[in-house]
Amino acid sequence: MNSSATKKKKPQTSLKNKSILLGVSGGVAAYKAIELCRRLRDEEASVSVVMTDASKNFVTPLSLEVASMHKVFSSLYEEPMAHITLPQQAELMVIAPATANIIGKFANGIADDLLSTCFLSFSGKTVIAPSMNWRMYENRIFRQNLEKLTSLGVIQVGPGQGSLACGEEGPGRMAEIPDIIDAVRTAFSKRDLEHEKIVVTAGPTREYLDPVRFISNRSSGKMGFAIAKAARNRGADVTLISGPTSLAAPAGMRFIQVETALEMAEAVEKEVRSGASALIMAAAVADFSPSEKSGTKIEKAGELLIRLRQTPDIISSVAAGKGKPFIIGFAAETGARVERAREKMKKKKMDMVVFNDVTEAGAGFDLDTNRVTIIDKKGETGLELMSKDSVAEAILDRFSEIKA
Ligand code: CTP
């Protein structure tokens, strides 16, 4: 660990000689599979490609054959044993882009083409990079299919938010190639958190003035959800306690929804006291709450004075209690105030604090990326701007290193 705040990439799992089966399904992003294939080969991985018939409308088998330097397969019948031999030779399957259709087939055990049949006969890990219109991505049937796959251990990367091929904006854009490569690396990394019981908090809290109005903040919950999912994928027993967000309940963990800082404090206390080894406080807990909550809607009266009272500090009370878990807190500051984050760590008796400057480009609220500095008792590491999924992995990497 370096003791200065120089920008540093996290240590990477090598993909050298790894055997990857790349599935390409029929979305507009299929052309990006060529670039993905190339980047995987740059990492010295061996890549075989299976295409669905629909994907050939967007990219030619020849392009992927050149990019992978291997024969490309797509017919179930041309080489009758390919659906068995290809998965047997692969250590990891990566589906990019993964359309709503192929995700639906995977989730329901449908095997009516070479790619879906390969998935069914494959026993290793699979990474999927969903890509579709935002309406399809938000469809409840699709979400159930996706949740089913992730709860069974399929690793999801993306989608990102942004302009879609149809000209609309929204979630559904295939994850960027570096993020997919990162997910591939993670898939090859070990399950190092198998004996950890981790409580993660996420999102904002709401502090009510009356039955319809509340004070809150801009937290989207993305960072906390990314940490909870990454910890689950690395084998931890995870409880996610979240304030109100628009994110779907992640599968494969206990999910507790709360609204106020007080409710969050109570839920954290209960979960931690039942034997957690770590508490990761990614939630943007409101620091103040109205001293009085009106039982009825407050009426207009020219001027309104609201008296606020400090909320209980969750980290401090957990740190002061018996059987203190390893505590990781966040310090979202306006400006490069790493010192302030370090002071917070000491004051609240945290073991690690993740600092970010919310005014920096790419590191603010409701984004899919963040640039953080991880500070612990031994030093600090400044990371590059990266996806929140990668930030989550980096935080857990450091936690795992310290615990080892
Ligand atoms: N936190 C907490 N309980 C609170 C408020 C915050 O446990 N009532 C946690 C947050 O989840 C975060 C860490 O404390 O992990 C730091 O939060 P932050 O609001 O930045 O720190 P404060 O000490 O409240 O300082 P300030 O608001 O003055 O910056």
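**Close-up 1. Helices H1 and H2, side by side in this predicted model.** The axes of H1 and helix H2 (residues 61-68) come within 8 Å, and they cross at roughly 10 degrees. Angles under 35 degrees count as roughly parallel, so H1 and H2 are roughly parallel to each other. Their crossing is right-handed. To find the contact, look on the H1 side for Ala33, Ile34, Cys37, Arg38 and Arg41, which meet Ser63, Leu64, Val66, Ala67 and Ser68 of H2. Sorted by class, the residues of this contact are six nonpolar, two polar and two charged.

**Close-up 2. The loop that follows helix H1.** Between helix H1 (32-42) and strand E3 (46-51) runs a loop, and Glu44 lies in it. Most residues other than glycine have a negative phi. Glu44 is not a glycine, yet its phi is positive, at about 70 degrees.

**Close-up 3. Strand E5 and a cis peptide bond.** Most peptide bonds are trans. Here, however, Ala96 and Pro97 are joined by a cis peptide bond, with omega at about -5 degrees. You can locate Pro97 in strand E5, which covers residues 92-98.

**Close-up 4. Helices H4 and H7.** Helix H4 (residues 100-107) and helix H7 (residues 140-151) have axes that come within 9 Å and cross at roughly 55 degrees. That angle makes H4 oblique to H7. The two helices cross in a left-handed way. From H4, the residues to pick out are Ala100, Ile103, Gly104, Phe106 and Ala107; they meet Phe142, Asn145, Leu146, Lys148 and Leu149 in H7. Seven residues of the contact of H4 with H7 are nonpolar, two are polar and one is charged.

**Close-up 5. A cis peptide bond at Pro159.** Follow the chain from strand E7 (155-156) to strand E8 (160-163), and you will find Pro159 in the loop between them. The peptide bond leading from Gly158 to Pro159 is cis, and its omega is near 0 degrees.

**Close-up 6. Helices H9 and H13.** In this view, helix H9 (residues 222-233) meets helix H13 (residues 388-403), with axes that come within 8 Å and cross at roughly 55 degrees. H9 and H13 are therefore oblique to each other. H9 passes H13 in a right-handed crossing. H9 brings Lys222, Met223, Ala226, Ile227, Ala230 and Ala231 to the contact, while H13 brings Lys388, Asp389, Val391, Ala392, Glu393, Ile395 and Leu396. Nine of the residues in this contact of H9 with H13 are nonpolar and four are charged, with no polar ones.

**Close-up 7. The surroundings of the ligand.** The ligand is surrounded by 14 residues, and the closest are Met281, Ala283, Asp287, Lys344 and Lys348. Start with Asp287: an N or O atom in its side chain is 2.7 Å from an oxygen atom of the ligand. Next, turn to Lys348, where an N or O atom of the side chain is 2.8 Å from an oxygen atom of the ligand. Finally, look for Thr311, which has a polar side-chain atom 3.2 Å from a nitrogen atom of the ligand.

Methods:
Residues numbered from 1 in each chain as written. Predicted model: local features only at pLDDT ≥ 70, side-chain atom pairs only at ≥ 80, totals over all residues. Heavy atoms only, no water. Axes fitted to C-alpha atoms, helices over the stretch in contact; angles between N-to-C directions. Helix = DSSP H or I, 4+ residues; strand = E, 2+ residues; numbered from the N terminus. Parallel < 35°, antiparallel > 145°, perpendicular 65-115°, else oblique. Left-handed = near helix turned anticlockwise from the far one by under 90°. Contact = heavy atoms within 4.5 Å. Nonpolar A, V, L, I, M, F, W, Y, C, P; charged D, E, K, R; others polar. Near = heavy atom within 4 Å. Polar contact = N/O pair within 3.5 Å; in protein donor to acceptor, adjacent residues only side chain to side chain.
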